[in-house]
Amino acid sequence: MSSPSSGALDAARPAVRPGVAGPLRRLRGLLALDAAATGVNALAYLALAGPLGRLLGVGTGLLAGLGAFLLLYGAAVGLLASRPVPPALGVRAVVEANALWALASGAVLALGLLEPTAAGLVWIPLQAVVVAVLAVAQHLALRAVLRSGGR
């Protein structure tokens with residue numbers, strides 16, 4: 001059995017213009033970081049919904065539901081990160097979803113929709129800030145890719 005020529009392999013890869021490789025690597029890294037952090041949170045919320053719910057002052061059902069949602073979302077973001085050139089529309093959807101998550105987290109506290117413990121009063125805004133910072137970094141990385149000639 002012979003191995004494919006390097007020309008055949010190169011033809012299977014999308015062409016990346018010079019100057020795009022660095023911004024593209026940064027964008028894919030941010031998406032991978034997002035997918036990993038989301039996946040860890042999802043698994044923790046699913047596996048430890050009872051103890052974490054008591055610690056944070058959040059209902060077990062809500063935490064398990066969030067865990068299931070985050071597991072699917074993290075997998076979708078991971079799939080996007082695995083693309084050689086993630087489509088701009090998909091990245092924009094992730095940026096907007098992250099911004100919405102951060103805003104919703106703040107709104108839940110501001111509107112008194114939950115009665116979190118002291119730990120919850122630290123965790124909820126902390127994770128919202130991390131997600132918001134990630135959304136901004138992803139947005140800026142996408143802009144850099146698009147400016148340098150990526151899709």
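Helices here are DSSP runs of H or I with at least four residues, numbered from the N terminus, and in this predicted model one such run is α3, which spans residues 49-56 and contains Ala49. The protein chain holds six helices and zero strands, so that, read from the N terminus, its elements follow the order α-α-α-α-α-α. Of the 151 residues in the chain, 32% are buried, and among contacts between residues at least 6 apart in sequence, 76% join residues at least 24 apart.

**Confidence and surface**

- The pLDDT of the protein chain averages 90, and 87% of the residues score at least 70.
- Over residues 1-15, however, the pLDDT is below 50, and this stretch has four contacts in the model beyond near neighbours in sequence.
- Where pLDDT is low, the predicted coordinates should not be read in detail.
- About 8,800 Å² of the protein chain is exposed, and carbon and sulfur atoms supply 72% of that area.

**Ala49 in helix α3**

- Ala49 has a relative accessible area of 6% and therefore counts as buried, the cut-off being under 20%.
- Setting aside residues up to four places away in sequence, Ala49 touches Ala44, Thr60, Leu63 and Ala64.
- With Thr60, one of these partners, Ala49 has a C-alpha to C-alpha distance of 5.1 Å, although 11 residues separate the two in sequence.

**The aromatic pair in helix α4**

- The structure holds one aromatic pair, formed by Phe69 and Tyr73, whose ring centres are 6.0 Å apart and whose planes stand at 15°, so the pair is stacked.
- The planes qualify as stacked because their angle is under 30 degrees.
- Phe69 and Tyr73 are four residues apart in helix α4, which means that about one helical turn separates them.
- Phe69 is partly exposed, with a relative accessible area of 46%, whereas Tyr73 is buried, with a value of 14%.

**Helix α5 and its cover**

- Helix α5 comprises 23 residues, 88-110, and extends 33 Å from its first C-alpha to its last, close to the 33 Å expected at 1.5 Å a residue.
- Its buried residues are Ala88, Val91, Val94, Val95, Asn98, Ala102 and Ser105, and what covers them includes α2 (21-47), α4 (60-82) and α6 (118-147).
- Just after α5, Gly112 adopts a positive phi of about 70°.

**Ser105 in helix α5**

- Ser105, which lies in helix α5, has a relative accessible area of 9% and is therefore buried.
- Leaving aside neighbours within four places in sequence, Ser105 is in contact with Ile124, Gln127 and Ala128.
- The side chains of Ser105 and Gln127 are also joined by a polar contact of 3.0 Å.

**Gln138 in helix α6**

- Gln138 is placed in helix α6 and is buried, with a relative accessible area of 0%.
- Not counting residues up to four places away in sequence, Gln138 touches Leu27, Leu30, Leu31, Asp34, Val94, Val95 and Asn98.
- Of these partners, Val94, Val95 and Asn98 are among the buried residues of α5, and α6, where Gln138 is found, is among the helices that cover the buried residues of α5.

Key
Residues numbered from 1 in each chain as written. Predicted model: local features only at pLDDT ≥ 70, side-chain atom pairs only at ≥ 80, totals over all residues. Heavy atoms only, no water. Helix = DSSP H or I, 4+ residues; strand = E, 2+ residues; numbered from the N terminus. Buried < 20%, exposed > 50% of the residue type's maximum accessible area, 1.4 Å probe, protein only. Contact = heavy atoms within 4.5 Å. Expected span 1.5 Å × (residues − 1). Polar contact = N/O pair within 3.5 Å; in protein donor to acceptor, adjacent residues only side chain to side chain. Areas by Shrake-Rupley, 256 points an atom, 1.4 Å probe, with all protein chains shown as cover. pLDDT = per-residue confidence, 0-100. Phe/Tyr/Trp six-rings, centres within 6.5 Å; stacked < 30°, edge-to-face > 60°.
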